[in-house]
Amino acid sequence: MHPPALHVAAAAIFNRRGEVLLALRPAHAHQGGLWEFPGGKIESGEQVQAALARELHEELGITVAQARPLIRVRHAYPDKQVLLDVWRVNEFTGEPHPREGQRLEWVAVADLANKQYPAANLPIVTAVTLPSLYLITDEPLHGTAAFLATLERCLRGGARLIQLRAKNLVANNYRLLAQQGLALCRHYGAQLLLNDTSSLVEELDAGGVHLSSAQLMHLNTRPLDKTKWVAASCHNLQELEHAQRIGVDFAVVAPVLPTQSHPGAASLGWEQFRALAEQAIIPVYALGGMGPEHLMTAYRHGAQGVALISRVWNAPEPERILMQFETRKGDE
């Protein structure tokens with residue numbers, strides 16, 4: 001029988017420049033000489049937020065002013081099991097300093113992947129890097145020009161992670177639309193994932209691939225290297241576990257709530273979504289009936305954030321809906 005996992009409260013602490021604070025583990029410690037997100041053991045009977053506040057004050061001399069859940073990571077090392085309860089700290093008072101003699105460093109989000117971490121910290125890097133909103137396009141029913149105009153309005157509204165979902169297009173038309181969409185996304189500094197083949201992703205140098213659940217279950221290995229995003233749609237634990245097994249970066253779990261497009265379809269509900277998120281070791285987005293008003297609920301149930309399609313894409317003013325996320329998300 002395995003001993004219970006060591007329950008740890010950890011923090012992705014952001015400063016006003018958008019940098020993240022890392023601490024170097026002492027050479028003599030477990031996983032010594034590697035970078036980690038600050039935090040420490042949760043004492044028996046202690047609430048996670050209370051433990052986080054205590055540990056960050058003891059280690060860094062700061063007081064947490066605003067934080068929200070980011071990701072929970074379970075990991076089994078050869079000599080111990082850990083459960084990392086990770087929160088995103090957006091506001092704090094005091095100046096972080098090494099009260100326990102540890103080395104500290106503020107690191108730009110884009111540079112986080114260049115550091116060496118304990119294995120349990122790797123999903124945290126992914127969660128810190130990903131935004132709270134994953135925008136999925138609808139079909140280009142009104143022509144390419146109208147589609148690209150809507151895409152640009154979404155980019156102006158702040159969308160930075162987008163999936164090009166246009167399953168009704170033949171291959172050549174999809175490729176052309178992807179090329180035009182990529183040009184727009186690059187102009188705004190956004191990532192475009194293709195709901196297509198990994199070979200097209202590499203040909204066009206897109207941001208990554210989004211796998212349908214059927215595509216996912218036919219793969220035995222990750223289809224792209226780590227310079228590209230690999231995402232997958234999952235509807236149950238079997239699919240989610242397979243996604244993790246082949247090295248998918250993040251998943252979209254759906255449908256969480258009833259949707260207008262599928263009014264009679266069964267939905268998971270928030271508690272079933274939480275149960276799936278609890279088993280995940282990768283970030284998961286909630287999809288299905290989502291809007292800005294669901295973002296905090298999604299955080300509380302273990303989500304990276306929310307994925308949206310028609311709520312934004314078919315809106316008269318999609319940028320207005322996207323801007324609501326800026327006032328609600330409390331993370332970037």
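The exercises below, each with a worked solution, walk through a predicted model of a protein.

**Exercise 1. Overall build**

Task: Find how many helices and strands the protein has, and decide how its radius of gyration stands against that of a compact globule.

Solution: Start with the secondary structure, which comes to eleven helices and 15 strands. Next, take the chain length: for 332 residues, a compact globule would have a radius of gyration near 20 Å. The protein has 20 Å, so the value agrees with the globule rule. For the outer dimensions, look along the principal axes, where the C-alpha atoms fill a box of roughly 60 × 45 × 40 Å.

**Exercise 2. Inside and outside**

Task: Work out what share of the residues is buried, and what share of the exposed surface carbon and sulfur atoms supply.

Solution: Begin with the cut-off, as a residue counts as buried under 20% relative accessible area. By that criterion, 51% of the 332 residues are buried. Now turn to the surface: the protein exposes about 15,700 Å², and carbon and sulfur atoms supply 51% of that area. Finally, consider the contacts with a separation of 6 or more: 62% of them are between residues 24 or more positions apart.

**Exercise 3. A three-stranded sheet**

Task: Give the strand order of the open sheet that contains β2, and say whether its pairing is parallel or antiparallel.

Solution: Recall first that strands of a sheet pair through backbone hydrogen bonds. Here the order reads β3-β2-β7, and the pairing is antiparallel. The edges are β3 (35-36) and β7 (103-108), each of which pairs on one side only. Then zoom in on β2 (residues 19-24), which is joined to β3 by two bridges. Along this antiparallel pair, L24 stands opposite W35 in β3.

**Exercise 4. Placing E43**

Task: Where does E43 lie along the chain, and is E43 buried or exposed, or in between?

Solution: Locate the neighbouring elements to find E43 in the loop between β4 (39-41) and α1 (48-60). Its relative accessibility is 40%. Because partly exposed covers the range between under 20% and over 50%, E43 counts as partly exposed. For a sense of distance, pick E152, which is 109 residues from E43 along the chain; the C-alpha atoms of E43 and E152 are separated by 49 Å.

**Exercise 5. Salt bridges**

Task: Count the salt bridges, then look at the pairs formed by E105, E203 and E317, and classify the exposure of each of these glutamates.

Solution: The count comes to 19 salt bridges. Take the pairs one at a time:

- E105 bridges to R103, with the closest N and O atoms 3.4 Å apart. At a relative accessible area of 24%, E105 is partly exposed.
- E203 meets R175 at 3.1 Å, N to O. This pair links distant parts of the chain, with E203 in helix α5 (residues 198-204) and R175 in helix α4 (residues 171-187), 28 residues apart. Both partners are partly exposed, E203 at 49% and R175 at 26%.
- E317 meets R320 at 3.7 Å, N to O. E317 is partly exposed at 40% relative accessibility, whereas R320 counts as exposed at 53%.

As a last step, look for salt bridges that share partners: these join E46, R54, E55 and E58 into one network.

Conventions
Residues are numbered from 1 along each chain as its sequence is written. This is a predicted model: local features need pLDDT of at least 70, side-chain atom pairs count only at pLDDT 80 or more; totals for chains, interfaces and linings use all residues. Side-chain values use heavy atoms; hydrogens and water are left out. Two strands pair if DSSP finds at least two bridges between them. Helices (H or I, at least four residues) and strands (E, at least two) are DSSP runs, numbered from the N terminus. Buried means under 20% relative accessible area, exposed over 50%, partly exposed in between (1.4 Å probe, protein chains only). A salt bridge is a side-chain nitrogen of Lys or Arg within 4 Å of a carboxyl oxygen of Asp or Glu. The radius of gyration is taken over C-alpha atoms; the globule rule is 2.2 Å times the number of residues to the power 0.38. Contact means heavy atoms within 4.5 Å. Accessible areas come from the Shrake-Rupley method with a 1.4 Å probe; for residues, only the protein chains shown count as cover.
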